[in-house]
Amino acid sequence: MTRDELNAHRLVKEAQEAMLSGLSRRHFLKESAFGLGALAMGSLLGSCGGLFSKPQTQISYDPAHPLLPKSPPFVGKARSVIYLHMAGAPSQLELFDYKPELMKMDGQDCPPSLLAGKKFAFITGVPKMLGPQAQFAQHGQSGATISENLPHFATMADEVSFLKAVKTDQFNHAPAQLLVHTGSPRLGRPSIGSWVTYGLGTENQNLPGYVVLTSGGSFPDAGKSVWGSGFLPSVYQGVQCRSEGDPVLFIKDPDGMNRDLRKASIEAINKANEQQYQEYNDPEILSRIAQYEMAYRMQIAAPEVMNINDEPAYIHEMYGTQPGKACFANNVLLARKLVEKGVRYIQLFDWGWDAHGDNPTNSLNIGLKNKCRSIDKPITALLLDLKQRGLLEETLVVWGGEFGRTPMMENRNGVQNPFKGRDHHTEAFTIWMAGGGIKKGFTHGETDEIGYSAISGKVDAFDVQATILNQLGFNHEEFTYPFQGRPFRLTDVSGKVINEIIA
Amino acid sequence: MLELLGRFHPVLVHLPIGILLIACLFLLLSLSPKFETLKPAIGITLFLGMLGAVFSCITGYLLAQSGDYDGKLVGNHQWMGIATAVISLLLLLVHKYAKSNKISGITALALIVLISITGHLGGSLTHGSDYLSAPLKEGGSKNTAAIPPIPNIQEALIYEAAVQPLLKNRCYSCHGSEKQKGKLRLDAQEFILKGGEGGHTVVPGKADESELIKRLLLPISNEDHMAPKEKPQLTANEIELLKWWINNGAPFNKKVKELSQPENIKPILLALQKGTATTSENKLSLIPEKEVGAAEERALKTLKNAGIMVVPVAQNSNYLSANFINAVSLADTVMDKIKAIKKQLIWVKLDHPLANDATLKGLKDCKNISRLSLNNSKITDAGLANLKSLDQLQSLSLVGTKVTAKGVAQLSGLKKLQYIYLYQTQVQRTDWNSLKKTFPKVKIDSGNYQVPTLPKDTTEVKVVVKN
């Protein structure tokens with residue numbers, strides 16, 4: 001740099017500094033009048049409410065009694081929900097979506113039109129088509145097609161509404177499961193059970209409002225986030241219970257600790273917490289006190305409700321339970337008992353439906369058939385048992401997986417799998433719903449002649465969520481929670497209530 | 001841009017109406033010495049009102065160019081509007097220069113009349129010409145006008161009996177003789193088949209391709225959704241009916257019986273015949289139609305303290321639902337408190353091991369109860385006698401109680417009863433037939449469903465090893 005240049009540089013810098021020192025608060029206000037004005041107008045308009053923003057459901061949240069029952073915005077037909085999630089995604093083509101045309105293509109190369117621009121979890125190159133690996137028949141007055149894999153459930157054809165054209169945009173288990181239960185394929189959103197208990201509380205103050213039961217030997221791939229409470233108060237997360245041994249770990253008082261001593265200790269803890277609350281005024285402390293009190297009551301109530309052994313033998317026979325083991329049938333029976341006792345949302349996960357065909361347990365002819373046998377009797381018994389107790393009208397039962405399976409046989413890395421299996425498929429799968437004000441014996445939506453994609457009555461996870469909330473008395477578009485400066489809702493910006501299946 | 005300006009007309013018109021009226025009022029009042037002080041305000045208000053009138057005329061003219069409105073009505077409104085603007089200017093001049101109280105007074109009166117007529121004509125354009133007179137006519141406003149029952153739906157003409165009344169109720173106000181939004185008229189065969197700006201409104205035989213159905217089915221948030229979201233929406237049944245009509249070729253002269261009738265359409269047709277028609281869905285009534293006053297806060301609080309969860313069935317209703325599952329005691333003192341909410345209480349879950357015949361006495365006066373569950377309680381036939389007065393009862397669940405067929409038969413006078421659940425009761429197998437005769441309309445669920453164990457249920461499919 002020459003001397004002249006340096007001088008010039010210094011001059012410019014000096015001028016800039018002089019200008020900056022001249023800038024005052026007055027300048028700021030003057031220069032930013034428009035921006036500030038806009039900000040002010042925004043907040044003014046915002047407070048006008050109804051005019052510029054959507055109406056929002058008012059939920060009163062009382063941190064000292066977070067689970068007291070609350071009224072929904074409008075009268076709902078359902079009071080509780082039992083959601084049966086078949087984790088791993090059962091094949092709709094072997095259960096409900098019968099495609100004789102696909103049989104004719106069995107063993108042929110998959111036409112390129114079905115592969116162009118598509119992404120699959122494992123399929124690479126050109127896979128072979130795979131015909132239905134089960135016999136189908138029509139059942140009931142409604143004539144719903146149900147395969148031989150579910151002989152008991154077939155007798156329930158006239159009780160349920162099938163959604164045969166459900167779509168998703170996630171082809172991996174964890175994000176797809178998160179989408180189904182939290183409305184987002186990424187972590188961090190509250191699950192639908194949390195939304196429901198946040199909005200409605202629960203009827204039995206001695207039990208949790210949102211109970212989760214798992215079977216099949218493994219957790220769902222998305223982990224415990226599928227029953228997480230996200231940004232909702234933590235008291236609304238699902239309470240995972242065990243179906244064997246103690247329902248909740250350490251629920252029994254240890255030997256030598258009697259009930260009075262337990263009570264005294266909880267009172268002492270609560271007193272300390274109350275002092276803390278006086279000091280900090282954090283509402284979460286009140287929740288904590290309420291939780292201690294509920295835990296104390298639950299010590300009596302939970303073992304009684306959670307114990308399926310006091311059910312008569314014919315009920316065990318009906319559900320096909322295996323007392324002492326952790327299995328789906330036991331969980332389903334437990335779910336009915338919980339609904340009877342006023343629990344709001346019961347979430348079941350059954351793992352092991354991922355029929356790729358890479359080993360016998362994951363194949364359509366062996367593993368899938370065994371999985372079907374393990375759920376067929378329980379789900380049938382659940383519907384009948386709720387019905388005979390007058391509970392089916394007010395209990396919404398939902399059954400489904402996180403996505404569907406391809407009409408093509410899986411060829412992992414281009415090599416055909418040793419057993420008959422199908423890859424993950426996002427374009428179409430089947431979910432059914434029953435009870436809780438849903439039509440009986442109805443089918444909505446259909447897929448093309450090989451079951452590859454939905455051609456009418458397309459719905460997605462958001463639509464199912466919107467429908468569940470609707471049956472409980474909520475408008476999913478108005479049921480929001482303020483977080484990070486904007487109201488969040490379960491269905492985010494999508495979702496349409498599936499009016500076609502509502503009775 | 002011009003069209004946008006035109007759309008401000010319905011807002012803008014209120015300015016001259018208000019300002020000119022107040023100016024005329026000031027002018028007339030100031031004739032009396034008591035209100036003389038108003039005089040200086042007259043000039044400026046008249047001037048502002050006149051300006052408003054001129055701008056309204058301009059925007060009104062632009063709006064009329066959009067062609068959504070009936071030509072004749074618009075013409076009248078337009079000329080009256082222009083007359084209003086001219087007269088207001090005249091009044092301003094008279095007031096300023098003529099200084100004659102008599103002339104300005106008469107002109108002011110004329111202006112008031114003109115404003116009223118112009119305003120009324122404008123209102124007729126936006127709300128329909130019978131908007132004002134509708135409440136005087138029988139049947140109230142036209143949006144809720146009930147479709148009269150059709151004596152024999154099968155013999156009736158489909159268009160005339162079902163489709164036209166529906167279109168009239170829901171569509172004519174914007175797509176009729178007075179307004180043709182989107183250049184669409186739906187009030188006669190030729191117009192319906194001609195369609196509007198959006199293309200083929202009705203494609204006979206193809207409901208899915210018909211713009212009418214497509215727009216009805218769009219999400220309500222969509223701009224093209226019909227009816228506009230602030231207007232009354234078509235019910236699912238009404239849409240079903242239109243779809244069915246179009247899929248059958250959208251006939252205008254066929255009788256209902258000449259069309260094929262799938263299962264889903266039959267109940268809708270039946271509803272038309274009964275006159276319960278398309279205005280509301282037919283379903284089990286969840287809550288009484290008549291609203292009730294709110295229950296006392298204090299009563300709710302005492303019940304809550306007794307462990308009885310009483311909450312309104314919905315945020316927009318005062319009717320209450322009660323669950324006794326956490327109740328510590330069901331003594332008479334507790335049940336007496338229920339009487340304070342006897343008018344509001346409609347859903348009751350009393351599935352409590354302590355509930356017995358004495359408990360039910362507390363529910364005797366709660367005549368609005370429509371759902372009652374007494375599962376696994378200690379009640380017997382004697383207790384059921386207390387329920388005889390609950391004539392709104394629709395569903396009664398007695399699962400796991402000691403009631404017998406004789407006890408249940410006491411309730412045969414309950415006309416609204418639709419469901420009784422009698423699983424695990426003392427009602428004998430031999431009693432079912434007589435019970436069914438006592439309750440011909442009621443669905444009685446005896447329960448005891450079995451799911452037989454098939455050999456396959458307990459066996460496992462294994463890998464077949466081929467040699």
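**Figure 1. Surroundings of Val196(A) in the predicted model.** Setting aside residues up to four places away in sequence, Val196(A) touches Gly201(A), Arg344(A), Tyr345(A), Leu469(A) and Leu472(A). The structure shown here and in the other figures is a predicted model. Val196(A) is placed in helix H6 of chain A, which covers residues 192-200. Is Val196(A) buried or exposed? Its relative accessibility is 0%, so Val196(A) counts as buried, the cut-off being under 20%. Val180(A) is 16 residues from Val196(A) along the chain, and the C-alpha atoms of these two residues are separated by 15 Å.

**Figure 2. Helix H6 of chain A and the elements packed against it.** How many of the nine residues of H6(A) are buried? Nine of the nine are, so H6(A) is largely enclosed by the rest of the structure. Among the buried residues of H6(A) are Ile192(A), Trp195(A), Tyr198(A) and Leu200(A). Gly193(A), Ser194(A), Thr197(A) and Gly199(A) are also buried in this helix. The buried residues of H6(A) pack against two helices of chain A, H5 (173-182) and H12 (461-472). They also pack against strands E5 (210-215), E7 (345-351), E18 (480-483) and E19 (486-489) of chain A. Just after the helix comes Gly201(A), which has a positive phi of about 65 degrees. Gly201(A) is also one of the residues touched by Val196(A).

**Figure 3. Chain A as a whole, for orientation.** Chain A contains 12 helices and 19 strands. Taken along the principal axes, its C-alpha atoms fill a box of roughly 90 × 70 × 45 Å. Of the 503 residues in chain A, 56% are buried. Among contacts in chain A with a separation of 6 or more, 77% are between residues 24 or more positions apart. The domain assignment divides chain A into domain 1 (3-51) and domain 2 (80-247 + 307-501). The C-alpha centres of domain 1 and domain 2 of chain A lie 56 Å apart.

**Figure 4. The largest nonpolar core and the contacts of Trp432(A).** In soluble globular proteins, nonpolar side chains tend to be buried together. The largest nonpolar core in this model has 107 residues. Which residues have the most contacts inside this core? They are Leu84(A), Phe153(A), Trp432(A) and Ile468(A). Helix H11 of chain A (residues 367-388) gives the most to this core, with nine residues. Leaving aside neighbours within four places in sequence, Trp432(A) is in contact with Phe96(A), Phe153(A), Val160(A), Ser161(A) and Phe162(A). Its other contacts are Ile379(A), Leu383(A), Val397(A), Val398(A) and Trp399(A). A second, separate core has 47 residues, among them Ile308(B), Leu320(B), Ile369(B) and Ile420(B).

**Figure 5. The two largest cavities.** A search of the whole structure finds eight cavities of 30 Å³ or more. The largest cavity has a volume of about 160 Å³. Of its 14 lining residues, Pro72(A), Arg79(A), Arg344(A), Val313(B) and Trp347(B) are the closest to its centre. Arg344(A) is also among the residues touched by Val196(A). The lining of the largest cavity has eight nonpolar, two polar and four charged residues. The second largest cavity holds about 120 Å³ of space. It is lined by 15 residues, and Glu203(A), Val339(A), Gly342(A), Asn323(B) and Lys349(B) lie nearest its centre. By class, the lining of the second largest cavity has four nonpolar, four polar and seven charged residues.

**Figure 6. The second largest pocket, in chain B.** Chain B is assigned three domains: domain 1 (2-127), domain 2 (143-274) and domain 3 (297-445). The C-alpha centres of domain 1 and domain 3 of chain B lie 66 Å apart. Where does the second largest pocket lie? Domain 1 and domain 2 of chain B both give residues to its lining, so the pocket lies between them. The volume of the second largest pocket is about 1100 Å³. Its lining has 40 residues, with His175(B), Lys181(B), Arg215(B), Met226(B) and Pro228(B) nearest its centre. Helices H1 (2-7), H7 (158-170) and H9 (211-217) of chain B each give two or more residues to this lining. The largest share, four residues, comes from H9(B). The lining of the second largest pocket divides into 12 nonpolar, 13 polar and 15 charged residues.

Note on methods
Residues numbered from 1 in each chain as written. Chains lettered and ligands numbered in written order. Predicted model: local features only at pLDDT ≥ 70, side-chain atom pairs only at ≥ 80, totals over all residues. Heavy atoms only, no water. Domains from an automatic or database assignment. Core = buried A, V, L, I, M, F, W, Y, C linked by side-chain atoms within 4.5 Å. Buried < 20%, exposed > 50% of the residue type's maximum accessible area, 1.4 Å probe, protein only. Contact = heavy atoms within 4.5 Å. 1 Å grid on protein atoms, 1.4 Å probe; cavity = no way out; pocket = protein on both sides within 12 Å on 5 of 7 lines; lining within 4 Å. Points joined across faces, edges and corners; volume = space filled by probe spheres on them. Nonpolar A, V, L, I, M, F, W, Y, C, P; charged D, E, K, R; others polar.
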